[in-house]
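Let's take a friendly walk through a protein model and look at a few of its details. Have the structure open beside you as you read.

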Amino acid sequence: MRIDILTLFPEMFEGILNSSIIKRAIEKEKVTINIYDFRDYSTNKHKKVDDYSYGGGAGMIISVEPIVNCLRDIPNYSQAYKIITSPHGTPYNQTKANELSQKEHLIIICGHYEGIDYRITNYIDEEISLGDFILTGGEIASLAILDSVVRLLPGVLGNQDSIHDESFSQGLLEYPQYTRPEEFDGYKVPEVLLSGNHELIRKWRRFKSLELTYHKRPDLLTKVNLTKEDMEFLEKIKKGQSL
Ligand SMILES: C[S@@+](CC[C@H](N)C(=O)[O-])C[C@H]1O[C@@H](n2cnc3c(N)ncnc32)[C@H](O)[C@@H]1O
């Protein structure tokens, strides 16, 4: 996969590209990531990329021209899937991360200041929002997209099973997990997890996954296909019973 990011702050990407799973994915050639500073594509003699908002108002707007010049300089940009990060966009989630991880070539454009001249929407496929809050710029949003997409690429994570088990992958929150010691400050690891009984552990984990989702994110339960066993578990959970 190839991912190109257009930004005015390339230095914000250095730490992430040189750490942990993203670094390994680059080294293993699972992904190529290019950071473009679109200020380099400004035709203004002072390399200015922003200007006042037509109609008035506070703050500066990024011009569409340097971004489009930069886009056109990217090999095969017209075939790439092009995104801008924007509070107007589709709220980002795991389904969208999965969808983006299937693309061969992704381009992510980061806004800044008061945003980008709206005509940019003629050159892109989708606006994506990280949530209902305002960031200073699109860099953090694009890093979140980049990170969530790259870890889904085949061969990037050591243990591919973790992708299938974790929160949202099956529409529910993940069950609670524990590691050594067996007891800390009087808090014990649930006995069932030490039993070695795989079927009991599977049932306990499914029950806990449903229980956590029911209490913390009940909205998710309306979108998931529940089995007969799940329905029985949920009946107990609603009555405050344990497994
Ligand atoms: C300060 S914001 C501009 C906000 C804009 N004036 C508005 O009210 O909608 C600057 C840039 O940060 C990015 N940004 C801010 N909040 C975001 C969010 N929730 N999701 C994705 N990107 C965001 C966008 O790229 C945006 O162009």
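## Helix 4 meets helix 5

This is a predicted model. A good place to begin is with helix 4 (residues 94-101) and helix 5 (residues 138-150), whose axes come within 9 Å and cross at roughly 70°. Angles from 65 to 115 degrees count as roughly perpendicular, so helix 4 is roughly perpendicular to helix 5. The crossing of helix 4 past helix 5 is right-handed.

Which residues of helix 4 and helix 5 make the contact? On helix 4 they are Ala97, Leu100 and Ser101, and on helix 5 they are Ile145, Ser148 and Val149. Sorted by class, this contact of helix 4 with helix 5 holds 4 nonpolar and 2 polar residues, with no charged residues.

## Helix 7 meets helix 9

Two packed helices are described by the angle between their axes and the distance between the axes. Try that description on another pair: the axes of helix 7 (residues 198-216) and helix 9 (residues 228-238) come within 10 Å and cross at roughly 55°. Helix 7 and helix 9 are therefore oblique to each other. Here, too, you can look for the handedness: helix 7 passes helix 9 in a right-handed crossing.

From helix 7, the residues that meet helix 9 are Arg202, Lys203, Arg206, Phe207, Leu210, Glu211, Tyr214 and His215. Their partners in helix 9 are Glu229, Asp230, Phe233, Leu234, Lys236, Ile237 and Lys238. By class, the contact of helix 7 with helix 9 has 8 charged, 6 nonpolar and 1 polar residues.

## Around the ligand

Now turn to the ligand. How many residues surround the ligand? There are 20, and the closest are Thr85, Leu130, Gly131, Phe133 and Leu135.

Some backbone atoms are worth finding on your screen. A nitrogen atom of the ligand sits 2.8 Å from a polar backbone atom of Phe133. For Gly131, a backbone N or O atom lies 3.0 Å from a nitrogen atom of the ligand. An oxygen atom of the ligand is 3.0 Å from a polar backbone atom of Gly111.

## Two backbone details

Most residues other than glycine have a negative phi, and most peptide bonds are trans. With that in mind, look at Ser20, which is not a glycine but has a positive phi of about 50°. Ser20 belongs to helix 2 (residues 20-27).

Next, find Arg180 and Pro181, which are joined by a cis peptide bond with omega about 5°. Where is Pro181 found? Pro181 is in the loop between helix 6 (161-165) and strand 8 (183-184).

Methods:
Residues numbered from 1 in each chain as written. Predicted model: local features only at pLDDT ≥ 70, side-chain atom pairs only at ≥ 80, totals over all residues. Heavy atoms only, no water. Axes fitted to C-alpha atoms, helices over the stretch in contact; angles between N-to-C directions. Helix = DSSP H or I, 4+ residues; strand = E, 2+ residues; numbered from the N terminus. Parallel < 35°, antiparallel > 145°, perpendicular 65-115°, else oblique. Left-handed = near helix turned anticlockwise from the far one by under 90°. Contact = heavy atoms within 4.5 Å. Nonpolar A, V, L, I, M, F, W, Y, C, P; charged D, E, K, R; others polar. Near = heavy atom within 4 Å. Polar contact = N/O pair within 3.5 Å; in protein donor to acceptor, adjacent residues only side chain to side chain.
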